[in-house]
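Please look over the structure shown below with two topics in mind, namely one packing of helices and one pocket. The notes that follow take these topics in turn.

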Amino acid sequence: MRTPFTVRLFQSMPKTGWVALAIFALITWVGVPVAHVMLPDTHPLHMSAYIVSLLGKILCYMVVAVAMDLIWGYAGILSLGHGLFFALGGYAFGMYLMRQIGRDGSYGADLPDFMVFLDWKELPWYWAGSDNFVWAVFLAMALPGAVAFIFGWFAFRSRIKGVYFSIITQALTYAAMLLFFRNETGFGGNNGFTDFKRILGHDITSPEMRATLFALSAALLMGCLILGRYLVGSRFGRILTAIRDAESRVMFIGYNPLHYKLFIWTLSAVLCGLAGALYVPQVGIINPSEMSPANSIEIAVWAAVGGRGTLIGAVLGAGIVNLAKSYFTVTVPEYWPFFLGFLFIAVTLYLPDGVVGLWRKLMTRKAGDSAEAAPQPARAAVEGKTGEISDTATKGASA
């Protein structure tokens, strides 16, 4: 009898993981909204609009890091173009936000201000339906997913991988950035989209809306972690890691790596698109600089710092790097690029498994020290038991 999906979903994560998610949900769905909306500004536990927006932005980055870890940590596909999928989701939802401005813009026209400035007479055909919230959310998923699927189909079918795949993804992102910089594309050119007013008729800068967007970002992150844990712990995930370690052997036993790689690649792009859709209203702007190759490289740094192939490592890496970035860009902005480069080199040389790998080594060493410090009779019993098991295994092998 086949185990129901819900049971398999709950079994994919240990109890400690569910407890951690419950605590995280309590903090992000109750603690932060209450501290921001209900507590007065003079209260010591009050969270300002800047802090809530900053944390919401970092939550979106964490989702992108998890998406990167799914393809790099488990499938062995290093993408240097995930900034493109993130920005496409942001632009798709940004179109809706621009339409919601209505006549409240600087020119008092039905068209977005940048179109009036460029003397556009009507909306381009690809802006059709952009004033519909449901369509905007769908487009934020479908557009990055479609681009990833088409690109991945040709790339994986041609068996492009390794550094060549990484270079092509970076070139794709750079080409898209140059395209979006052009005014005639209808996406705001160099300035992009900004000056958003409302979502579903509600003021986008109100504390309630800000807390709602923050809570939705946290929900998306938890959903990504649950889905990711289920996938990597399933048969699909085992085949995916086998493709990462020995793709030719997987093909030899009858599996087609194209389907597995294409699915996880497209899913990763969709998650990035959703993160971008939540990122834009919290930050208040989206422009082509989000597609810069440097941003995509930074996404890879998040996964490397936290620890590839762990999911939670990607979350920690994105949090550590972006909190450090927020600090350095305020205090000593000119030194941030040097710090990021030093961090990447240090992790590559001394922490190949990232922060999670370091933590596991420390826990293993601590467990070893505890075993050595155990009483002599207990150690003798353990050693004797280990010897019996070794002798039994040796006899079995000889037989």
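In this predicted model, helix H3 (residues 49-72) packs with H12 at an angle of about 140 degrees, and the axes of the two helices lie 8 Å apart. Because angles over 145 degrees count as roughly antiparallel and 65 to 115 as roughly perpendicular, H3 is classed as oblique to H12.

**Packing of H3 with H12**

- The crossing in which H3 passes H12 is right-handed.
- On the H3 side, the contact is made by Leu54, Ile58, Tyr61, Met62, Ala65, Val66 and Asp69, while H12 contributes Ala314, Val315, Ala318, Gly319, Asn322, Leu323 and Ser326.
- By residue class, the contact of H3 with H12 comprises ten nonpolar residues, three polar ones and one charged one.

**The largest pocket**

- The largest pocket holds about 380 Å³ of space, and 14 residues line this pocket, with Gly17, Ala20, Leu21, Leu225 and Ile312 the closest to its centre.
- Two or more lining residues come from each of helix H2 (15-38), helix H8 (207-233) and helix H12 (312-331), so named here as the elements that give at least that share of the lining.
- H2 gives the most to the lining of the largest pocket, at four residues.
- The lining of the largest pocket divides into eleven nonpolar residues, two polar residues and one charged residue.

**Where the two topics meet**

- H12 takes part in the packing with H3, and H12 also gives two or more residues to the lining of the largest pocket.

Notes: Residues numbered from 1 in each chain as written. Predicted model: local features only at pLDDT ≥ 70, side-chain atom pairs only at ≥ 80, totals over all residues. Heavy atoms only, no water. 1 Å grid on protein atoms, 1.4 Å probe; cavity = no way out; pocket = protein on both sides within 12 Å on 5 of 7 lines; lining within 4 Å. Points joined across faces, edges and corners; volume = space filled by probe spheres on them. Nonpolar A, V, L, I, M, F, W, Y, C, P; charged D, E, K, R; others polar. Axes fitted to C-alpha atoms, helices over the stretch in contact; angles between N-to-C directions. Parallel < 35°, antiparallel > 145°, perpendicular 65-115°, else oblique. Left-handed = near helix turned anticlockwise from the far one by under 90°. Contact = heavy atoms within 4.5 Å.
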